[in-house]
Amino acid sequence: MPKVTQQHMDARREQILDAARRCFLRDGFHSTSMQDLFAEAGLSAGAVYRHFTSKDEMILAIAEENMRDVLDITLAVATNRQDQSMGAVMAELLDVIRVKSVEEGVAGLAVLVWGEAMRNHSLARKLDHLMGRIRANLVTLVRDHQESGGLPANATAEAIASTMLSILPGYILQVALLDPAVVAEVPDAVRALWPGPAGEY
């Protein structure tokens, strides 16, 4: 029997998650059965269960993937101390959300995940952990801008980071529910609110 490569395993896992995204967006989490997922993926039950033992595991994996790019962007900027304004950082996050919503339905899935987290404590803990990591990266950036005079120092870095982070759910909700034209200019508006690189305000 030929050896199954990691590349094949990763591709099969993504195939299953793509099928799960389509099912969840079409029918919701609770109306989607495992049989629906097998049929959508075109795979046997054994092939799917090799990667995910339950629907909840798929939901958790999708939630983590949804937040990965946001986390990666904030981590890259916080680590490299790039000469970017807070507005540019936030606008880049919004642009990623918009693109991934068109390609993968990220905004709609995020709204479903939030609702599911209200009853699924394991999912809620994972989201809290991921949001905490994103917030910590933003806190680092805010402190850099406060030290250079680019952001006010009469509010804590933690409070400012939490305020900026609160923009994301509102934007995601609008992307999921409204005409794209309604939010088309939001990234540019965010850049205008926090216009200059650290030290150049």
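What follows walks through the fold, one annotated region, the salt bridges and a surface patch of this predicted model.

Start with the overall build. The protein chain carries 11 helices and 0 strands, so to speak a run of α after α from the N terminus on. Along its principal axes, the C-alpha trace spans about 60 × 40 × 30 Å. Of the 201 residues in the protein chain, 41% are buried. Contacts in the chain reach well along the sequence: among those with a separation of 6 or more, 69% join residues 24 or more positions apart. The accessible surface adds up to about 10600 Å², and carbon and sulfur atoms supply 55% of that.

Next comes the annotated stretch. An unreviewed UniProt entry puts a "DNA-binding region" at residues 33-52. In the model, this span is 65% helix and 0% strand, with its end C-alpha atoms 14 Å apart. Helix α2 covers residues 34-41, and its buried residues include M34, L37, F38 and A41. Viewed down the axis of α2, the buried residues fall within an arc of 100°, so they line one face of the helix. The spacing fits a general rule. An α-helix has 3.6 residues a turn, so residues three or four places apart point the same way. Over on the other side of α2, Q35 and A39 are exposed. As for what the buried residues of α2 pack against, the partners are α1 (6-27), α3 (45-49) and α4 (55-80). Just past the end of α2, G42 adopts a positive phi of about 70°.

Charged pairs are the next topic. A search of the whole structure turns up 13 salt bridges. One of them joins R21 to D18, with the closest N and O atoms 2.7 Å apart. Both sit in helix α1, and because R21 and D18 are 3 residues apart there, about one helical turn separates them. The two ends of this pair are covered to unlike degrees: R21 has 4% relative accessibility and counts as buried, while D18, at 32%, counts as partly exposed. The pair also belongs to a wider arrangement, since R13, E14, D18, R21 and E65 are linked in a network of salt bridges.

A second bridge pairs E116 with R119, and here the closest N and O atoms lie 2.6 Å apart. E116 is buried, at 3% relative accessibility, whereas R119 is partly exposed, with a relative accessible area of 47%. A third bridge runs between E158 and R143, whose closest N and O atoms are 2.5 Å apart. E158 belongs to helix α8 (residues 157-165) and R143 to helix α7 (residues 121-147), so this pair ties together parts that are 15 residues apart in sequence. Neither end is buried here: E158 is partly exposed, with a relative accessible area of 37%, and R143 is partly exposed as well, at 39% relative accessibility.

Last, a look at the nonpolar side of the surface. W114, L173, L177, L178 and V182 form a nonpolar patch there, and together these residues offer about 460 Å² of accessible area. One of the patch members, V182, has its place in helix α10, which takes in residues 180-183.

Terms used:
Residues numbered from 1 in each chain as written. Predicted model: local features only at pLDDT ≥ 70, side-chain atom pairs only at ≥ 80, totals over all residues. Heavy atoms only, no water. UniProt positions renumbered as here; feature names shortened; annotations may be inferred. Helix = DSSP H or I, 4+ residues; strand = E, 2+ residues; numbered from the N terminus. Patch = residues over 30% accessible without salt bridge, like charges linked within 9 Å, V, L, I, M, F, W, Y side chains within 5 Å. Areas by Shrake-Rupley, 256 points an atom, 1.4 Å probe, with all protein chains shown as cover. Salt bridge = Lys/Arg side-chain N within 4 Å of Asp/Glu carboxyl O. Buried < 20%, exposed > 50% of the residue type's maximum accessible area, 1.4 Å probe, protein only. Contact = heavy atoms within 4.5 Å. Arc of directions from axis to C-beta.
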